[in-house]
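Reader: I've got this model open on my screen and I'd like a close look at one part of it, the place where two of the chains meet. Could you walk me through that, and then what surrounds it?

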Amino acid sequence: MAAVEARGVRKLFGPVKALDGIDLATREGEFLVLLGPSGCGKTTLLRIIAGLEQPSAGEIVIGGQVVNGLPPRARKIAMVFQSYALYPHMTAFDNIAFPLKAQGMPREERARKVEWAASILGIHDLLGRKPRQLSGGERQRVALARALVREPSVFLLDEPLSNLDAQLRASARDELQGLQRRIGITTIYVTHDQVEAMGMGDRIAVMYQGRIRQVGTPLEIYEEPADTFVATFVGSPPMNLVEGESYLVGFRPEHFLPRQAAHAPSNDSWSFTFRVTRIEHLGADRLVYGIVGSAAGETKVVSRLPSTVDVTLHAGESYEFAVPAHRLRFFDKATGSATER
Amino acid sequence: MAGQVTRAGPLTLGDRIALQFRYLLDREALLGPLLLLPAVVYIVALVGFPFVLALAYSLSDVTAGDQSLDFVGFRNFTDIVHDPIFRRALRNTFVFAFASQALVLVLANVLALALMAEFRGKWLVRLLVLLPWATPAALSTIAWLWLLDSVFSPIDWLFRQAHLLGPGTPLGPNNNMYWLGRPELAMLSVIVVHAWRILPLATVIVLAGLTSIPQDIKDAAAVDGAGFWRLFLQIITPLMFPVVAVAVLFGFIFTFTDLAVVYVLTRGGPINNTQVLGSWAFIKGIQGGDLAQGAAVALFLFPVLLGVAVLMLRLARRAEVT
Amino acid sequence: MNAARYWGSRASVYGVVSLFALFSAFPFFWGLVTMFKRSQDLYNPRNNPFAFGAGGPTLEHVQLLFQETKFVTFAVNSLFVGAVVVGITLALALPAAYSLARLAGRWGEGLGITIFLVYLVPPTLLFIPLSRVVADLGLQDSRWSLVLVYPTFTVPFCTWLLMGFLKSIPRDIEEQALIDGYSRVGAVVRTVLPLALPGILTVVIFSFTLTLHEFVYALAFVSTSSEKTISVGVPTELVRGDVLFWQSLMAAAMIVAIPVALVYNLFLDRFVAGLTLGAVKG
């Protein structure tokens, strides 16, 4: 039984279609990432699941029960906002105890649970402080402890790492994922950062313009994108798209290599004449920017050459590059969806 | 303990209905209007209804004695429009409001600018400047009654000490100015007292506007080489325009609808020369008992107020500095 | 800026500020002296009105104020009316402000502005029909008539001011409380109200003083001495025949003005902040 399900969910803000028919089902205990650019509807979907907004159409099912019309407190969910939303006038201890108070839990039991949550997050020493006395990372942990302490069915996280500095983000990612594995609560995580999504998610739901474009494991999304949006959103630099006669051809920069270095027999790969315009030396890789011919004239493409490929390239020169056939992906010109060749 | 999760089983229809009732007050669509209701009901009952009643009165012949509302058409309005005192009152209402606010406009800006600086004794200065606003209008106006008295005026005393008043001086052979006795001086007195009363509030509003101008803008101007006057005229004034206009309009409304200052200071005299719509409506309606005419007089306030309100809304919308 | 210009501008600031302080406050200087002046001293146009003449200061008029006039009654009435009206105002304006700030969506702006516009309908327009309403309700000549009517100007003003304050509190916190297990009302009481307390306090103070100052309705509805408030009682009752008790009048004025000015001064910065949130943003 899926922990959270969205069935045919639509949301309109006036004339704007924030969500245009969402069907999604999480699996028990999984870490599902909602990934997409700003405005794609991911936060709206999260808020609808939480009960902070009502869908214009469709149903939300949590734990097998349709929860439309139930307020957040009846849904057994916990949510962490981007800002952490810690109550500024209370100490960390009181913040964490707050949801337990709402349940009418007696004082000693509350204290025990707070200690339990605090020990999992390692914030025991911070309990007496007020939010303004805590650093960004510490506040995040208090927010997580507060979410944990009710032992909810579902965890909802809205870009919880975006307020942290870059260094902290990496270790926070690690901790969050470890936490989720240990506790095993179904988690829905919203982000626009595809590196985060790829690194943390069991499955990723890529959203764009109010629709889910694809749901799959990070590998599936990366290797078999369902349409051009997914193909170009995930992966940095994005997948190259070249116009053919009747379809679009896509290939990832790391598969676009000089003929000599291509890992396939020549009759099983496609060749391109590649005129180099610019080279970026990133240390471990080289990013080679240039132009290939296509049905639409010229198209800009990128090649990612690992430093292990020892080929000399110069800007302004043309070279023969190739992509192994099985690495090519084809997309319909009109709809952008993936097709067979 | 970790991983133990409570989960609800499937609900029966009865359960579902009960749940909807339990969470009725959580529905925003219901809660919003519910919270708003008491205030709206109160205002409709005690502002909306009396307003309509005022309209009804003005079209009737109701008096304090005869409580019945008999419709008489526009007779009240034609009556008062032909009354020279009313015409005077109408004129005065505008004159007082415009003149006092023009004065306030200049003074409030100067004062607000000065209060932007840091200096010793600022707290005391603020206190002194706030005093006119802190005192009930009637009480402060009573003080002015003595200050402008025809015999005892301390202002006259000061003028006499400075040899500006008395035989052989620029202000005339009399020992007193008769501030409230001479029509033109009476009008001037009302205007000055209004300005004196409104200045604190106007200054506060202008100050609010000045402090909300981001420092970046001032810094950029300084880097661009703008001296004080250029900064003030070309940058601050345009940015401040909506706020200052709101302050002036507030003051305009207070003075336009005023009753207290005129009533206490002059009772509308001498010989009804300083009558305004508010005081005239009071004298006719409550003291004279002619409720219908009083209401008609007061209703002349409304169109102007509506116009001012619309103006204020447009300006308030433009006043977002950041 | 060189020293001359610096001191020049300092001097002009001090100069300007002193002028204004003088202009605003000189009636109060005069009042402060007058309340202690002997009558022979006061009623002599040759004497310096800003200093004490022969005989020096006296407390007799201040005593008269408290012992032989109804000033204390007026003060009690004013305080009573003020307190009850503040209570009613909060009861009406807080929920309304919250509803408009959070729950009304696009209607909120429009309704908020309409409510503010109500504030602009002046007592001088409404007092005639309201006097009839008050009489019909049997509240004529009672301070309860003021309790009934005063919220008509405090509620709109306070709703609008509170809207600004409430909007400045982040939504997240309320929503977090909803998720943490409280109903909307519970969430607001536990998270929004504690944070809005400074704003609420400011609103309380300014609406209290609004009721203290009100003149038109008090003059129109109440003619019985024992029910009058300060703002009407003092100007109308401190008189014998045609002669006003000037010294006592000034004493009354100072007793009311100085504490209120002190409180305003303390809360001025908050008020300015509230205005910037409410007025400047429409």
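Author: Sure, and keep in mind that this is a predicted model. Let's start where chain B meets chain C: 84 residues of chain B are in contact with 77 residues of chain C. On the chain B side, the largest share comes from helix α2 (residues 28-58) of chain B, which puts in 16 residues. As for chemistry, the side of chain B that touches chain C is made up of 69 nonpolar, 10 polar and 5 charged residues.

How far can you trust chain B? Its mean pLDDT is 81, with 91% of its residues at 70 or more. Among the elements of chain B, helix α4 (residues 84-116) has the highest mean pLDDT, 89, while helix α1 (residues 13-22) has the lowest, 68. Watch the start of the chain, too: across residues 1-8 of chain B the pLDDT is below 50, and this stretch has 13 contacts in the model beyond near neighbours in sequence. Where pLDDT is low, the predicted coordinates should not be read in detail.

Now for the partner. Chain C has 13 helices and 2 strands. Its radius of gyration is 24 Å, well over the 19 Å that the globule rule gives for 282 residues, so chain C is more spread out than a compact globule. Along the principal axes, its C-alpha trace spans about 75 × 70 × 30 Å. Even so, 51% of the 282 residues of chain C count as buried. If you take the contacts in chain C with a separation of 6 or more, 72% of them are between residues 24 or more positions apart.

Chain C also touches chain A. That contact takes 18 residues from chain A and 14 residues from chain C. On the chain A side, β6 (77-80) and α2 (92-102) of chain A each supply at least two residues. The side of chain A that touches chain C divides into 14 nonpolar, 3 polar and 1 charged.

One last thing about chain A itself: its domain assignment gives domain 1 (4-228) and domain 2 (240-339). The C-alpha centres of these two domains of chain A lie 39 Å apart. Where they meet, 4 residues of domain 1 of chain A are in contact with 7 residues of domain 2 of chain A. The domain 1 side of that meeting place has 2 nonpolar residues, 1 polar and 1 charged.

Conventions:
Residues are numbered from 1 along each chain as its sequence is written. Chains are lettered from A and ligands numbered from 1 in the order in which they are written. This is a predicted model: local features need pLDDT of at least 70, side-chain atom pairs count only at pLDDT 80 or more; totals for chains, interfaces and linings use all residues. Helices (H or I, at least four residues) and strands (E, at least two) are DSSP runs, numbered from the N terminus. The radius of gyration is taken over C-alpha atoms; the globule rule is 2.2 Å times the number of residues to the power 0.38. A residue is buried if 20 or more other C-beta atoms lie within 10 Å of its own, exposed if 12 or fewer, and partly exposed in between; C-beta atoms are placed from the backbone. Two residues are in contact if their C-beta atoms, placed from the backbone, lie within 7 Å. Ala, Val, Leu, Ile, Met, Phe, Trp, Tyr, Cys and Pro count as nonpolar, Asp, Glu, Lys and Arg as charged, and the others, Gly among them, as polar. pLDDT is the predictor's confidence in each residue, from 0 to 100. Domain bounds come from an automatic or database domain assignment.
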